[in-house]
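Hi everyone, thanks for coming. I'd like to walk you through one protein chain today, so please have a look at it with me.

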Amino acid sequence: MDVQRRDFLLTGTLAAAAVAATSASAQTAANSPAGPGEARGGSVLPGDEKVQYSGGTEVKRLKIINTAELEIEAEKILPKGGYGYIFGGSGAEYTKRENLRAMEAIGLEPHFLAGVLKPDLSVTILGHRLPFPIIIPPMGGHGLAHVSKEIGTAQAAEATGALMILSTQSNVPLEEVAKAHPGPKWMQLYFPADRGYARELITRAKAAGYSAIVPTIDSTLAYPRDNNIRNDFRIPVSLGKGNAPLNEKDPIKAAQIMARRKVDLNWDDMLWIKQETGLPVIVKGVMSPVTAKQAVERGLDAVYVSNHGGRALDGVPSSISVLPRVADAVQGKVPIIFDSGIRRGQDVFRAIASGANVVACGRPILYGLALGGHLGAQSVLEYLRDDFYIVMQLAGTPNVKSITREYIAPPRVA
């Protein structure tokens, strides 16, 4: 059975400490009706700061056969709620499954006898020269995976030269992550309802050396995620809310401020970020040519094609099926970042051939972090890099720019 596409049945046990510390208020919330965009298991309640949680603790390099097996091994060591949070998608998980199915359906058309000796994997994006076109996407709560939290992931990025996008929902303050990864990094933004807090976040990011702001546009409301509801799970506040408002010392109140997002997000908000920081703005969550074209017309600096790994609105197409149409709409005027469904070097190749400049890989990096800390996450990045190198050489592409739709096979006829 293909573990990446199997029906998910949660197994394993919560750590004893987490079970013992589950508060009565959390149980009350589980039994209370959830309002629109307030999936049970997603709110922040008094008592949550006392819930203890521990992710992986080992620090070691990993022997990776494929990233699907990392998923199986991570499930064995992580608490049930934390694993379910990382693994799960929203709703019926149609979009999460479709990301993998659609990616696998794309055939490659290699050009043999091309005389390629050593493919050049390097790329340049928004002024950053990267050794390979695989970056780390924004993911909240790395402490769910490993005790090193985002520091471990940042160390893996620094070791490999990868660009890292830090999530607003990082357990560790953005300044500490920046110290662990002096290299290329961008800051993701869930646009807060409080514009003063939004200004604080993007100002802190610029001061710490983040070179672009990446507002996420597909999560103004929280689409229910069955795993979180089933497990009555919230990311424990005790893991840390590193980017909480600086003037709010109460952890619950700070977390509640962070949870209040601007629902009526619009283009003026995107332009406001540029005006406030002077940094490039990359719109994340683009799933239509219309949105992509509007971003270019308004002078935004890049578009990020993503359906949030199937964790936002369920029922939307796979990211890879939308990517070529977005690329046609953008016409090379701005870079395109892509995620959702990257598991092997072939997937990196497919996405670049379909129009992406760089691709991001999420869950496998968290599974690597869980199993081996910074060395585990580094192992995943190196596995993807090396696998991509082999695909490039076998396909006959001397450099990343040479990877075009000419290397995509015609769709199979049913």
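Before I name any helix, a quick word on what I mean: helices here are DSSP runs of H or I with at least four residues, numbered from the N terminus. Please also keep in mind that this is a predicted model.

Let's start with the overall picture. The chain comes to 15 helices and 10 strands. Of its 414 residues, 56% are buried. If you take contacts between residues at least 6 apart in sequence, 76% of them join residues at least 24 apart. On the outside, about 17,200 Å² is exposed, and carbon and sulfur atoms supply 54% of that.

Now to the inside. Which residues have the most contacts within the largest nonpolar core? They are Trp186 and Phe338, in a core of 113 residues. Helix H15 gives the most to this core, with 15 residues. Let's stay with Phe338 for a moment. Leaving aside neighbours within four places in sequence, Phe338 is in contact with a set of residues that includes Met103, Tyr304, Leu323, Ala351 and Val359.

One of those contacts, Ala351, brings us to helix H14, where Ala351 is among the buried residues. H14 spans residues 345–353, and 8 of its 9 residues are buried, so this helix is largely enclosed by the rest of the structure. The buried set isn't purely nonpolar by name, either: Asp347 and Arg350 are in it, along with others such as Val348, Phe349 and Ile352. What does the covering of those buried residues include? It includes helices H5, H13 and H15, plus strands E3, E9 and E10. After H14 comes Gly355, with a positive phi near 130°.

H15 also has a part in the surface story. This helix runs over residues 363–395 and contains Leu394. Together with Tyr389 and Ile390, Leu394 makes a nonpolar surface patch of about 270 Å².

On to the charges. Side chains of opposite charge can pair when their charged atoms come close. The count here is 14 salt bridges, and I've picked three.

The first pair is Lys76 and Glu73, at 3.0 Å from N to O. Why is that pairing a local one? The two are 3 residues apart in helix H3, so about one helical turn separates them. Lys76 counts as exposed, because its relative accessibility is 61%. Glu73, at 35%, counts as partly exposed.

The second pair is Asp269 with Arg195, where the closest N and O atoms are 2.5 Å apart. Asp269 sits in helix H11 and Arg195 in helix H8, so this salt bridge ties together parts that are 74 residues apart in sequence. Is Asp269 buried or exposed? It is buried, at 2% relative accessibility, while Arg195 is partly exposed at 31%.

The third pair also involves H11: Lys274 meets Asp301 at 2.8 Å, N to O. Asp301 lies in the loop between helix H12 and strand E8, so here the linked parts are 27 residues apart in sequence. Lys274 counts as partly exposed, with 25% relative accessibility. Finally, salt bridges with shared partners join Arg195, Lys262, Asp264 and Asp269 into one network.

That's my tour. If you'd like one place to begin exploring, try H14, with 8 of its 9 residues buried. Thanks for listening!

Note on methods: Residues are numbered from 1 along each chain as its sequence is written. This is a predicted model: local features need pLDDT of at least 70, side-chain atom pairs count only at pLDDT 80 or more; totals for chains, interfaces and linings use all residues. Side-chain values use heavy atoms; hydrogens and water are left out. Patches are made of residues with over 30% relative accessible area and no salt bridge: like charges are joined within 9 Å, nonpolar side chains (Val, Leu, Ile, Met, Phe, Trp, Tyr) within 5 Å. Accessible areas come from the Shrake-Rupley method with a 1.4 Å probe; for residues, only the protein chains shown count as cover. A salt bridge is a side-chain nitrogen of Lys or Arg within 4 Å of a carboxyl oxygen of Asp or Glu. Buried means under 20% relative accessible area, exposed over 50%, partly exposed in between (1.4 Å probe, protein chains only). Contact means heavy atoms within 4.5 Å. A nonpolar core is a set of buried Ala, Val, Leu, Ile, Met, Phe, Trp, Tyr and Cys residues joined through side-chain atoms within 4.5 Å.
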